[in-house]
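Please open the model in a viewer and keep the selection panel at hand. The tour below proceeds by selection, one stop at a time.

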Amino acid sequence: MRLDLGVPLGGVTLATIAAAVLPFVSNDYIVGIGFTLSTWIALTEAWLLISGMAGYVSLGHVAFVGIGAYVAALSWQLLPVWLILLAAGAAAGTLALLVGYPCLRVRGPYFVILTFGLSELLKFIVVNIEAALSVSGRVLFGAPDLHDLFYMMLSLAWASLCVALIIRRSRFGAGLRAIRENEEAAETIGIAAPWFKLTAFALSAIIPGMVGALITMRTSYFDPLDSFSPRTSLLIITMAVIGGSDKPLGPLLGVGFLVLLQELLWANLPQLYMIIVGLLLIAVVVWVPDGIFGGLQRLLARSA
Amino acid sequence: MSFQLLLAALIAGSIYALVALGLNLIYGTMRLLNVAHGEFLMIGAYVAYWGINLWKISPLLAAPAAIVLTAALGVLLYYSIFRRAMTSRAFVERIEANSLLVFFGVSVILQNVTALLFTADLRGYRYEEELISFGGASLPVNKIMVLIIAGSVCIASVIFFARSTLGLAIKALIQQREAAAIVGIPIARVNLISFCIGFGMAGLAGVLVSMTEQISPFMGFPFTVTAFVVIILGGLGNVLGSLLGGLLLGVLETFGVAFTGPGYRSIMIYGVFIAVLLLRPQGLFGPGRART
């Protein structure tokens, strides 16, 4: 294995193993934070495939989380947990393949708005289906305990990071970056842009689908308005951008920073937390376009 | 077709047109996706609310104050963030995504500062609610006022963009930025004026909305979404298209809900929105050229 890929992969795997001892050495509160951190790592790294690498900024990734959550709620106690996770991932991937083909033909602001519109459309379709079945919220009885869920989410975060690292250094990843920089030029040198984009979109949907299933098991409750909340899509982008959305390790910083800030402030000063998030977002986009990660790299390069 | 429904559609449509026009102006001239547009509407609504509750000022008199305040906030944003950012290559290269994030930050800040100052409670005031009947329909006076004001501002802006030098300059800038600069249009000043008009219109729309609906710090987001639907219908950057798009959405929403039921409102609106984006991304009324 090449060194430039082996070192980050090994580092990520070691960090994951280190995180796996968390339930033995700390209390449920800390494990809960670990669960949240893993959730957002899994989501932002998956989002990165289509939006960071290929430059198609998705403002609708919550659609995949929501569909995974819905699959979990529908199949709860009918299927074993591992099969529910697979089904949730498969459902999200299928959804991405279905909507990806027409959607990935539109670019720039149109794609951003379109993905947002699709996720909202899907939300209201599920709301209406549930209303037609006269179900208001589904409770999941006997969900796995926090420790098991933490291990599953941690594995998803690990998998998501590894996929991002591997793809970034592959020919496929190079093709995606070529599409981001100039799609016409990429096509003239023989990159099959539609297939590259569709594959990246489907890959970036599978893990969020599984994450959605796990989140629903954690809350033991499914409500389409929560599971499809546009806040999730916006938070994914915010975390990725604050950290630096060009490299797979960038979003880690954004996720870590925002999740910890949230733990500190959300309970007592939720409004202050949101104001700080807003200010940070503006500051990073305007003054540090490559995010905390890129900014740190430049600082280190300058002092070295 | 009932006259009552038609009036309701016109009222909703004229508000949508007003909100979308401002949003489209800012997108058209500077390529900025202003997802904080609804928050400026919310600020306008709070100006009217405090005006009538603290100083017994009629919302009609509060409207100019709301326009000035939101336009001033727009100027502040322009000078503090966008004037500099527009000269940075990294920002301009992905201007749509970057501006979306900046305005998302602005929107979160405005919502939460308002919630800290005035609490997140729903608020409302009663204003001119007596019913007037005519032609088989009956409407409260406040809604008639909304229709007259929003409608005349929309008509005035049609004339402004078709006749006045400034309106033509803005349209020229939207169509061909470089060419507009070459023929001597002062880009920076026209950008700034578009910011003022765009945000000011959001503030005015907020005053009008507060006359008939309850307000809260988080009321803006649905208006932002609706405004985006409207400018997609009318065409991104097509200023007059957003007026027609607003009216069309008002008709679609009002009659659609009347015939199917309120549960289907969002599905219908987003369905039309997605269909237009996929089939005719340049908008329903634009020329056959898609801007990407």
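Begin by colouring chain B by pLDDT: among its elements, α4(B) has the lowest mean value, 77, whereas helix α2 (residues 37-54) of chain B has the highest, 93. The model is a predicted one. Over chain B as a whole the mean pLDDT is 86, and 97% of the residues score at least 70. For the model, the scores are ipTM 0.83 and pTM 0.88.

**Chain B as a whole**

Next, select chain B and display it as a cartoon. Twelve helices and two strands make up its secondary structure. Followed from the N terminus, the order of the elements is α-α-α-α-α-β-β-α-α-α-α-α-α-α. With the C-alpha trace shown, the spans along the principal axes of chain B are about 55 × 45 × 35 Å. The radius of gyration of chain B is 19 Å, which agrees with the value near 19 Å for a compact globule of 292 residues. Of these 292 residues, 51% count as buried. Contacts in chain B between residues at least 6 apart in sequence may also be drawn; 76% of them join residues at least 24 apart.

**A buried glycine in chain B**

Now centre the view on B:Gly234, which lies in helix α10 of chain B. Is B:Gly234 buried or exposed? It has 29 C-beta neighbours inside 10 Å and therefore counts as buried; the cut-off for that class is 20 or more. Beyond the neighbours within four places in sequence, the residues in contact with B:Gly234 include B:Gly241, B:Ser242, B:Leu244 and B:Gly245. Further contacts of B:Gly234 are made with B:Gly283, B:Leu284 and B:Phe285. A distance drawn between the C-alpha atoms of B:Gly234 and B:Leu284 reads 5.6 Å, although 50 residues separate the two in sequence.

**The interface**

Display both chains and select the residues that touch across them. Here 34 residues of chain B are in contact with 32 residues of chain A. On the chain B side, the elements that give two or more residues are α3 (59-85), α4 (89-93), α5 (95-118), α10 (220-234) and α12 (265-279). Which element gives the most to this side? The answer is α5(B), with 15 residues. Coloured by class, the residues on the side of chain B that touches chain A divide into 26 nonpolar, seven polar and one charged.

**Chain A as a whole**

Hide chain B and turn to chain A, whose secondary structure comes to 15 helices and two strands. Chain A has a radius of gyration of 19 Å, close to the 19 Å that the globule rule gives for 304 residues, so chain A is as compact as a globular protein of that length. Its C-alpha trace spans about 55 × 45 × 40 Å along the principal axes. Buried residues account for 51% of the 304 residues in chain A. Of the contacts in chain A with a separation of 6 or more, 80% are between residues 24 or more positions apart.

**Two sides of a helix**

Select helix α8 (residues 171-181) of chain A and show the buried residues A:Gly173, A:Gly175, A:Leu176 and A:Ile179. They cover an arc of only 155° around the axis, which places them on the same side of α8(A). In general, an α-helix has 3.6 residues a turn, so residues three or four places apart point the same way. Rotate to the face of α8(A) turned away from the buried side, where the exposed residues A:Arg171 and A:Glu181 are found. To see what covers the buried residues of α8(A), add elements of chain A including α3 (28-53), α7 (146-168), α9 (183-188) and α10 (193-219).

**A partly exposed proline**

Stay with helix α10 of chain A and select A:Pro194, which lies within it. A:Pro194 counts as partly exposed because it has 14 C-beta neighbours inside 10 Å. A:Gly244 is 50 residues from A:Pro194 along the chain, and their C-alpha atoms are separated by 26 Å.

**A helix crossing**

Finally, select helix α13 (residues 250-265) and helix α15 (residues 291-303) of chain A, whose axes come within 7 Å and cross at roughly 115°. On α13(A) the contact is made by A:Gly250, A:Leu253 and A:Gly254, and on α15(A) by A:Gly291, A:Ile292, A:Phe293 and A:Gly294. By class, this contact of α13(A) with α15(A) has three nonpolar, four polar and no charged residues.

Note on methods. Residues numbered from 1 in each chain as written. Chains lettered and ligands numbered in written order. Predicted model: local features only at pLDDT ≥ 70, side-chain atom pairs only at ≥ 80, totals over all residues. Contact = placed C-beta atoms within 7 Å. Helix = DSSP H or I, 4+ residues; strand = E, 2+ residues; numbered from the N terminus. Nonpolar A, V, L, I, M, F, W, Y, C, P; charged D, E, K, R; others polar. Rg over C-alpha atoms; globule rule 2.2 N^0.38 Å. Buried ≥ 20, exposed ≤ 12 C-beta atoms within 10 Å, placed from the backbone. Arc of directions from axis to C-beta. Axes fitted to C-alpha atoms, helices over the stretch in contact; angles between N-to-C directions. pLDDT = per-residue confidence, 0-100.
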